[in-house]
Each structure stands twice: as structure tokens, then as C-alpha cells.
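Hi everyone, thanks for coming along. I'd like to walk you through a structure that may be new to most of you, so let's put it up on the screen.

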Amino acid sequence: ATRLAKVFPAMASARPVIYVGEGEGARLIEQYGAGLVVPYGDPPALARAICALVRDPAKAEACGRAGRHYATTQGSWHLLVGQWLSQLDAALQRVGR
């Protein structure tokens, strides 16, 4: 699984993200319009994604802005740590600790 702590800095850079793979990171990139997602192990798809953003600078800029907005409003370390602690607490409660 992707560590979202690695996705947020990329989104916060205000540059379009080209995410290779699937999972929560891919879902965030797609859902918030922060860039493009390509399948792992598909170099032609990666090349097409790069070319698509180079050919459409307005889209690339919009993706960068969208990623930055999401990362700065939803991806603060304070918020992330709070969510992780809540998840850890819930897991501990499930195992009776």
C-alpha cells in the first residue's frame, strides 16, 4: 500500500503529479484532479501521460493547483497524524487493548 505521506508532498509541490500504480494514492490523484495515473509496468502509458501534460500546459497548471489545494487543506501533518492516531486507537480497541 502507498504511504499517503509520500503522495502529499508531491501534491503540495503545485506541479501535476503522474502517479504510477493503484490504490489510495491513485484514487486521491484522480479524485482531486491533481494529475494523471498510469498503470505500473506500462512505459508507453507513462510517456503518453508526460506528453499529454506537456502539450496542455493549462491542464498541467490546473492539476498542480488542485493538488496544492488538496494537500494544504487536507494533508497537513497535524491532520494526518490525528487520522493515524485515530486508526491506531480503533485497531487497538478491536484487539482489546
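Let's start at one alanine, A60: leaving aside residues up to four places away in sequence, A60 touches P16 and L53. Before I go further, please keep in mind that this is a predicted model.

So where does A60 sit? You'll find A60 in helix α4. Is A60 buried or exposed? A60 is buried, with a relative accessible area of 13%, and the cut-off for buried is under 20%. To get a feel for distances here, go 13 residues along the chain from A60 to T73: the C-alpha atoms of those two are separated by 20 Å.

Let's stay with α4 for a moment, since there is a charged pair in it. E61 forms a salt bridge with R65, and their closest N and O atoms are 3.0 Å apart. Why can these two reach each other along the helix? E61 and R65 are four residues apart in helix α4, which means about one helical turn separates them. As a general point, side chains of opposite charge can pair when their charged atoms come close.

How many salt bridges are there? The count comes to two. The other pair I'd like to show you is E24 with R27, whose side chains meet in a salt bridge at 2.5 Å, N to O. E24 and R27 are three residues apart in helix α2, so again about one helical turn lies between them. Both ends of this pair are partly exposed: E24 has a relative accessible area of 36%, and R27 is at 36% as well.

That brings us to α2 itself, which covers residues 24-31. Which residues of α2 are buried? They are G25, A26, L28 and I29. Looking down the axis of α2, these buried residues fall within an arc of 160°, so they line one face of the helix. And what covers them? The cover includes α1 (4-12), β1 (17-20), β2 (35-38) and α4 (57-74), so our helix from the beginning, α4, is part of that cover. Just after α2 comes G33, which takes a positive phi of about 65°.

Now over to the surface. Please find helix α5, residues 77-94, where W84 is located. W84 is partly exposed, with a relative accessible area of 32%. Together with V81, L85, L88, L92 and V95, W84 makes a nonpolar surface patch of about 520 Å². For the protein chain as a whole, about 6,500 Å² is exposed, and carbon and sulfur atoms supply 57% of that.

Let me zoom out to finish. The protein chain has five helices and two strands, and along the sequence they follow the pattern α-β-α-β-α-α-α. The radius of gyration is 16 Å, well over the 13 Å that the globule rule gives for 97 residues, so the chain is more spread out than a compact globule. Its C-alpha atoms fill a box of roughly 55 × 30 × 15 Å along the principal axes. Of the 97 residues, 27% are buried. And among contacts between residues at least 6 apart in sequence, 41% join residues at least 24 apart.

That's my tour. Thanks for listening, and I'm happy to go back to any part of it.

Technical notes
Residues numbered from 1 in each chain as written. Predicted model: local features only at pLDDT ≥ 70, side-chain atom pairs only at ≥ 80, totals over all residues. Heavy atoms only, no water. Buried < 20%, exposed > 50% of the residue type's maximum accessible area, 1.4 Å probe, protein only. Arc of directions from axis to C-beta. Contact = heavy atoms within 4.5 Å. Patch = residues over 30% accessible without salt bridge, like charges linked within 9 Å, V, L, I, M, F, W, Y side chains within 5 Å. Areas by Shrake-Rupley, 256 points an atom, 1.4 Å probe, with all protein chains shown as cover. Salt bridge = Lys/Arg side-chain N within 4 Å of Asp/Glu carboxyl O. Rg over C-alpha atoms; globule rule 2.2 N^0.38 Å.
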